[in-house]
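Visitor: I am new to this structure. Please take me through one part of it closely, strand by strand, and show me what surrounds that part.

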Amino acid sequence: MEDEKQLQLSYFELQAYVGTTKHMGGFETTKSLIELCHISQDTDVLEVGCGVGATACYLAKEYGCRVVGVDVSEAMVARSNERAQREGVADRVEFRVADAQDLPFEDANFDVVIAESVLTFIRDKQSVVGECVRMARPGSCVGLNEELWIETPPARVVERVRHTWDIKPEILTLEDWMGLLKSAGLSDIVVRPYKFDVRRESTQIQRYRFQDMWRMFYRTLFLYIKKPSFRKYMAERQYLPKDLFEYLGYAIFVGRR
Ligand SMILES: C[S@@+](CC[C@H](N)C(=O)[O-])C[C@H]1O[C@@H](n2cnc3c(N)ncnc32)[C@H](O)[C@@H]1O
């Protein structure tokens, strides 16, 4: 199977291989983020940490707007380009490999900048927020959907979350996020916090078509059957704590530059 030999056993590289990425709150939260950022046909959008390109392609297809998606992973960008071809939107979306902490565009290049579950995995969040603000034209929106602690978690929960996967999320509180956004110069910040909700999470799959689901299924099955190192990698991962969602939630933040 293509690129299986070079596959790195890390959470995001496996997601890229399988062809799926996600964020808390699913597709329903993506739609709320789009609405709060006032995206329309004439909006130039930058999506930071675009994963396999599901939101960028949806925006190009449903709104007809131009979208640039960046991700630090080459494999994610390759999957995004495949998706754009499949969805027939390759003329309106462009994907590039780039680090959110050092975006390769001129200042004030976009009408809206969005990121869904990306900053949580980057240590220097202030530099990423700064880059998102730098990319946005004056008066335009920067919108995030990021994980947060809705209740102060016990140390064992924080530790387990940090060490279960190699991506080591660093989760903030709502006040921490607000502090970051304000100190990057955003104003009129709208916040919509959410608790984990199974129904809302289940809308995650609405971003993918039947063919995508089938591809994800057989690629995962292929890894289980053919790659002992993948089975070992999965077996070594500890389960997340049962009470995690008493503490873990997420929020949409939209501010104006
Ligand atoms: C949890 S996934 C979310 C992907 C996508 N936004 C979605 O909602 O499906 C996080 C993504 O952020 C990307 N990422 C992590 N660190 C990054 C960085 N420094 N710069 C750009 N992208 C990054 C990962 O490669 C991954 O695709």
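**A close look at β1 and its surroundings**

Guide: Strands β1 and β4 run parallel, joined by four bridges. This is a predicted model, and β1 is a good place to enter it. One pair shows how the two strands face each other: V45 stands opposite V112 in β4.

Now look at the other partner of β1. β1 and β2 also pair in the parallel sense, over five bridges. Here V48 is matched with V70 of β2. Between these two strands comes a helix. Together, β1, α3 and β2 form a β-α-β unit, and that unit is right-handed.

How much of β1 is covered? Four of its five residues are buried, so the strand counts as mostly covered.

Stay with V45 for a moment. Leaving aside residues up to four places away in sequence, V45 touches I39, L59, C65, V67, F110, D111, V112 and I114. V45 also belongs to the largest nonpolar core, which has 60 residues. V45, L59, V113 and C132 have the most contacts inside that core. Helix α3, residues 54-63, gives the most to this core, with six residues. As a general point, nonpolar side chains tend to be buried together in soluble globular proteins.

Step back to T43. T43 sits in the loop between α2 (26-36) and β1 (44-48). Is T43 buried or exposed? T43 is buried, because 20 other C-beta atoms lie within 10 Å, and 20 or more is the cut-off for that label. Its contacts, not counting residues up to four places away in sequence, are C65, D111 and V112. Compare this with V45: C65, D111 and V112 are on the list for V45 too. T43 can also be placed against G64. The two are 21 residues apart in sequence, and their C-alpha atoms are 9.0 Å apart in space.

G64 brings us to α3. G64 comes just after this helix and takes a positive phi of about 70 degrees. The helix itself is largely enclosed by the rest of the structure, because seven of its ten residues are buried. Those buried residues are A54, T55, A56, C57, Y58, L59 and A60. What lies over them? The cover includes α2, β1, β2 (66-71), α4 (74-87), β3 (93-97) and β4.

Move on to β2. Five of the six residues of β2 are buried, so the rest of the structure largely encloses this strand. β2 pairs with β3 as well, in the parallel sense and over five bridges. G69 has F95 of β3 as its bridge partner. The chain gets from β2 to β3 through α4, and this β-α-β crossover is right-handed.

Go back to β4 and follow the chain past its end. S117 lies in the loop between β4 (110-116) and α5 (125-135). Its phi is positive, about 55 degrees, although S117 is not a glycine. S117 counts as buried because it has 20 C-beta neighbours inside 10 Å.

Which strand holds N145? N145 is in β5, residues 136-149. The C-alpha atoms of N145 and S117 are separated by 5.9 Å, while the two residues are 28 residues apart along the chain. N145 is buried, since 27 other C-beta atoms lie within 10 Å. Leaving out residues up to four places away in sequence, N145 touches H23, G25, T29, L33, E116, S117, Y250 and I252.

There is a ligand to find too. Of the 20 residues around the ligand, T21, G49, G51, V72 and A100 come nearest. By class, this shell has nine nonpolar, seven polar and four charged residues.

One last stop gives a contrast in exposure. K168 is in the loop between α6 (155-164) and β6 (172-173). K168 is partly exposed, because it has 13 other C-beta atoms within 10 Å. Its phi is near 45 degrees, a positive value in a residue other than glycine.

To retrace the path: β1 pairs with β4 over four bridges and with β2 over five. α3 completes the right-handed unit with β1 and β2.

Note on methods. Residues are numbered from 1 along each chain as its sequence is written. This is a predicted model: local features need pLDDT of at least 70, side-chain atom pairs count only at pLDDT 80 or more; totals for chains, interfaces and linings use all residues. A residue is near a molecule or strand if its C-beta atom, placed from the backbone, lies within 6 Å of it. Ala, Val, Leu, Ile, Met, Phe, Trp, Tyr, Cys and Pro count as nonpolar, Asp, Glu, Lys and Arg as charged, and the others, Gly among them, as polar. A nonpolar core is a set of buried Ala, Val, Leu, Ile, Met, Phe, Trp, Tyr and Cys residues joined through C-beta atoms within 7 Å. A residue is buried if 20 or more other C-beta atoms lie within 10 Å of its own, exposed if 12 or fewer, and partly exposed in between; C-beta atoms are placed from the backbone. Two residues are in contact if their C-beta atoms, placed from the backbone, lie within 7 Å. Two strands pair if DSSP finds at least two bridges between them. A crossover is right-handed if, with the strands pointing away from the viewer, the path from the first strand over the helix to the second runs clockwise.
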